[in-house]
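Biologist: Please show me the model, and explain how its metal sites are described.

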Amino acid sequence: MRPGARDDYGCGTLDLPGFLLALTLALDLSHGGIEPHHHRVAVIAARLAEAAGLGPEQRDEVFLAGLVHDIGVRTWREKARLAELEVREPFTHAEEGYELLAATPPLAGLASAVRHHHDRWEGANPSGLAGAAIPLAGQLLHLADRVEVLLKDGTCMLEQVPGLLDRLRGLAGTHFDPHLVDLLAAVGGRESFWLDLEPRFLGRALEEHRPRAGTGLGPGALRSVAELFARLVDRRSPFTHRHSRGVAAVARRLGAYFGLPPERQDQLYWAGLLHDLGKLGVGEEILDKPGPLDEREVCFIRRHTYLTYRILEMVDGFGEIKEWAAFHHERLDGRGYPFHLDGARLSLESRIMAVADVFTALVEDRPYRAGLPPDRVRAVLEDMVRNGALDPRVVAAALDGGEDLRGLVLGAG
Ligand SMILES: [Fe+2]
Ligand SMILES: [Fe+2]
Ligand SMILES: [Fe+2]
């Protein structure tokens, strides 16, 4: 559907694998696009699990854990470091990933595999485990993860296989159970195992392995998974440590002010949680820059709402929600980004999100200034109304709610 076109489906049936398949794309964003590390690890691990004779439930667990295994990584620097085969000190992100998942009820069952996904077979792990005591799901992720970091795009997958297997055989008995490395060599005897990992064909393999049974996602579960991703966006910078949750809470309160039904208020909350998902595609050096951004840096910032849109577009049933989330830098006069929609195309909910984002940002500290007092917030918002950026009714509602909304921003999460 063309951005800005109206549809009236709200949030139909959502399933957890589908939601994760879309949202985890955000974990692999870079300035050059998406490098599908998490999706590939999920497929490789699921195929190893199948070859190891695991039952459907465990295979599903391994697949989903593969999708989120590096969720504890905070910075792009750390991500780059983990792409080295024999990485030193890989455990911090595994432990943080464990904690994040354990605190997210629908994903808590994946936490253990993630905690152990860098544990070495020979031991000396912070977990204290060694050999067969390491959960098998964690071992499968470990091997799948190291296979993936060795793969190079832009050259034939098959050409890489002998060298890749040699390197992994060199780690059998120290990093990996030798039997698992043999298993990889056996399933990797099929050319299709590798060719399915080419980015253009990966979607087919993901469809083949995505869990289907009993994976519905009710509103409470959706909220907690969305809150997890909001935390991932916010934890990258001390200045935004609760921005997404603040925007979500303010947007929901404004929705109530305008008399929207409770389901729609909830959807505004989810949209607020996910509105800056595309910021995972902006490097920290830009997010935390204390001074003005140069032209190149502005390009990356202006890309983030487009990324939010394209990722949320993949979530079935997120029709309008993706728009409310992704249009938060559009302006009523059509001079916003990235779609340059104008007042005729921006719904009340999109206008609410735009005001919630500005209001929250003004109240928060930023690298270049402290949070603004109420009179300065009022002045900036009223100025943005005069300039044709924000909706006057929504700004009036936000100013009316003043102290209450400030409390939501400063107290959120
Ligand atoms: Fe990792
Ligand atoms: Fe990884
Ligand atoms: Fe934004």
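Modeller: The discussion below takes up the terms used for the metal sites. This is a predicted model, in which local features need pLDDT of at least 70 and side-chain atom pairs count only at pLDDT 80 or more, whereas totals for chains, interfaces and linings use all residues. Residues are numbered from 1 along each chain as its sequence is written, chains are lettered from A and ligands numbered from 1 in the order in which they are written, and side-chain values use heavy atoms, with hydrogens and water left out.

Biologist: What makes D276, H304, H328 and H329 the protein donors of the iron ion (ligand 3)?

Modeller: Donors are N, O and S atoms within 2.8 Å of the metal (3.2 Å for Na, K and Ca). The donor atoms of these residues lie 2.2 to 2.4 Å from the iron ion (ligand 3), so they count as donors.

Biologist: Why is the site of the iron ion (ligand 1) called irregular?

Modeller: Four donors count as tetrahedral if all angles lie between 85 and 135 degrees; four count as square planar and six as octahedral if opposite donors are over 155 degrees apart and all others between 65 and 115; anything else is irregular. The four donor atoms around the iron ion (ligand 1) subtend angles of 85 to 176°, which makes their arrangement irregular.

Biologist: Why is D276 called buried, and why is H329 called partly exposed?

Modeller: Buried means under 20% relative accessible area, exposed over 50%, and partly exposed in between (1.4 Å probe, protein chains only). D276 has 3% relative accessibility and therefore counts as buried, while H329, at 23%, is partly exposed.
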